[in-house]
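Student: Could you take me through one ligand site in close detail? I'd like to see what surrounds the ligand and which contacts are made there.

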Amino acid sequence: MKPINVGLLGLGIVGSGTIDVLSRNAGEIARRAGREIRVVAATARDLTKERSVSLEGIKLVNDAAAIVNDPDIDIVVELVGGIEPTRQWVLAAIANGKHVVTANKALLAVHGNEIFAAAQKRGVMVAFEAAVAGGVPIIKALREGLTANRIEWIAGIINGTTNFILSEMRAKGLSFETALKQAQALGYAEADPTFDIEGVDAAHKLTLLSAIAYGIPIQFDKAYTEGISALTAKDIAYAEQLGYRIKLLGITRRAEQGIELRVHPTLIPAKRLIANVEGVMNAILVKGDAVGPTLYYGAGAGSAATASAVVADLVDVTRMLTADPEQRVPHLAFQADQLHNTPILPMGDVRTGCYLRLRAYDKPGVMADVTRILADLSISIDAMLQKEAEEGEDVVDVIILTHASPEAAINTAIKRIEALATIAGKVVRIRLEELS
Ligand code: NDP
Ligand code: HSE
């Protein structure tokens with residue numbers, strides 16, 4: 001059978017990995033796909049740069065338009081990243097009747113509704129397994145394996161860079177900056193690493209997962225996003241003493257009034273499997289009404305691991321090329337005319353437990369004032385810990401764990417506690433999930 005011709009946009013970490021995996025496993029991939037899949041053309045910013053893989057047999061072109069307009073190319077693989085000009089290239093490829101494989105979660109989280117609508121209209125596939133959790137086949141699992149279920153919630157470690165940083169800080173005592181530099185050297189971080197650190201990359205991925213899980217449009221602008229840049233080694237250590245680990249979690253939950261969509265550092269009981277996911281590994285817990293909880297684990301970033309997902313998409317697209325578009329798995333799992341407009345809940349309406357760390361002057365009545373504020377707002381205390389004052393300091397750290405309470409009530413409590421004359425500085429708040 002005629003081979004499938006792939007045009008590759010980007011020859012960086014994932015692009016090179018894709019060429020490597022396609023060539024090293026060419027025989028098995030062809031047996032699975034039913035025909036050979038070969039990269040015939042590629043582009044990058046600097047075509048003179050030395051690459052880690054052989055580009056023999058691949059035509060190098062200095063203009064992406066030459067690839068998306070080439071009538072001999074069947075599938076365009078976009079591994080450049082960023083929103084423009086990738087959006088134009090992807091839309092042009094679709095308009096030319098080409099299928100697209102991409103790892104670009106930023107593009108899909110922001111313009112996915114437009115891109116999937118264009119692909120649906122043109123009858124082509126846009127596959128994006130590599131866009132969420134690197135090599136972990138979570139899109140396939142949610143769209144197909146769990147299709148019988150009403151998804152109740154998803155909680156995932158879906159950014160390898162931040163999980164790597166948190167693991168290195170906790171286990172090896174590395175500084176934030178050193179751990180980030182290592183993650184960048186290993187090829188895990190985004191071109192702009194603030195996307196990783198500030199939770200934006202995780203929010204891009206979570207937004208895609210929520211659309212697939214609940215049959216709603218992609219709504220990145222409604223995601224609550226908080227990263228790990230404000231986390232201190234002190235809070236990581238206190239959490240540990242209380243039996244918790246801190247992870248950057250993406251959580252999307254079907255609540256009574258709408259859908260929660262949030263990324264933030266989260267205390268998780270240390271005994272949970274997901275709390276023990278370290279380094280670049282990702283893990284996604286999905287709770288379906290029929291199957292119960294299921295957990296998906298694997299490398300969330302890196303060259304070969306991400307290429308594994310890109311190539312899986314290439315095989316999937318190759319197998320489905322001749323299928324009637326109506327018979328293919330819908331891009332976002334639900335039929336495009338069956339999306340619901342269930343609202344995304346404002347963060348104030350979300351309920352979570354909380355870790356609160358206060359700096360209190362060691363004076364009588366301080367704790368009574370704090371607990372009264374919490375009681376007045378119906379915030380129930382789960383545990384409380386007062387640390388010894390450090391040498392030369394007249395304030396002590398007090399840690400309070402609360403039971404699940406509305407975010408708005410916790411916000412009010414924090415304001416009132418910070419206004420007490422006996423409290424120094426800001427209250428540190430980290431949300432807590434039991435994930436039971
Ligand atoms: P890299 O920065 O390593 O590679 C980007 C590639 O795109 C480079 O080859 C670069 O060229 C090329 N490029 C950049 N701008 C242009 C342009 N204007 N025209 C043509 N080529 C261009 O990124 P990654 O491989 O890490 O990431 C690629 C995509 O995969 C991103 O969307 C990222 O979010 C996603 N992703 C990355 C993962 C990872 O572990 N790294 C994991 C999962 C998804 P040159 O080499 O000449 O500079
Ligand atoms: N920067 C991303 C991460 C790459 O660290 O998870 C994988 O999407």
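Tutor: Happy to; what follows is a walk around ligand 2, from its pocket to its polar contacts. Please keep in mind that this is a predicted model.

Let's begin with the location: ligand 2 takes up the space of the largest pocket. Two elements each give two or more residues to the shell around ligand 2, namely helix 7 (160-172) and helix 10 (200-214).

Now for the residues themselves. Ligand 2 has around it K105, N159, G160, T161, Y188, A189, E190, D196, D201, K205, G300 and A301. Sorted by class, this shell holds five charged, four polar and three nonpolar residues.

Next, the polar contacts, which are worth checking in your viewer. At T161, an N or O atom of the side chain is 2.6 Å from an oxygen atom of ligand 2. At G160, the partner is a polar backbone atom, 2.7 Å from an oxygen atom of ligand 2. A nitrogen atom of ligand 2 also takes part: a polar side-chain atom of D196 is found 2.7 Å from this nitrogen. As for how well the ligand is covered, ligand 2 on its own would expose 250 Å², and the protein buries 94% of that area.

To put the site together: the ligand fills the space of the largest pocket, its oxygen atoms have contacts with the G160 backbone and the T161 side chain, and a nitrogen atom has its contact with the D196 side chain.

Technical notes:
Residues are numbered from 1 along each chain as its sequence is written. Chains are lettered from A and ligands numbered from 1 in the order in which they are written. This is a predicted model: local features need pLDDT of at least 70, side-chain atom pairs count only at pLDDT 80 or more; totals for chains, interfaces and linings use all residues. Side-chain values use heavy atoms; hydrogens and water are left out. A residue is near a molecule or strand if one of its heavy atoms lies within 4 Å of it. A polar contact is a pair of N or O atoms within 3.5 Å; within protein, one must be able to donate a hydrogen and the other to accept it, and residues adjacent in sequence count only if both atoms are side-chain atoms. Accessible areas come from the Shrake-Rupley method with a 1.4 Å probe; for residues, only the protein chains shown count as cover. On a 1 Å grid over the protein atoms alone, a cavity is a set of points where a 1.4 Å probe fits but cannot get out, and a pocket is an open set with protein on both sides within 12 Å along at least five of seven lines; lining residues have an atom within 4 Å of a point. A molecule sits in a cavity or pocket if more than half of its atoms lie within 2 Å of its grid points. Helices (H or I, at least four residues) and strands (E, at least two) are DSSP runs, numbered from the N terminus. Ala, Val, Leu, Ile, Met, Phe, Trp, Tyr, Cys and Pro count as nonpolar, Asp, Glu, Lys and Arg as charged, and the others, Gly among them, as polar.
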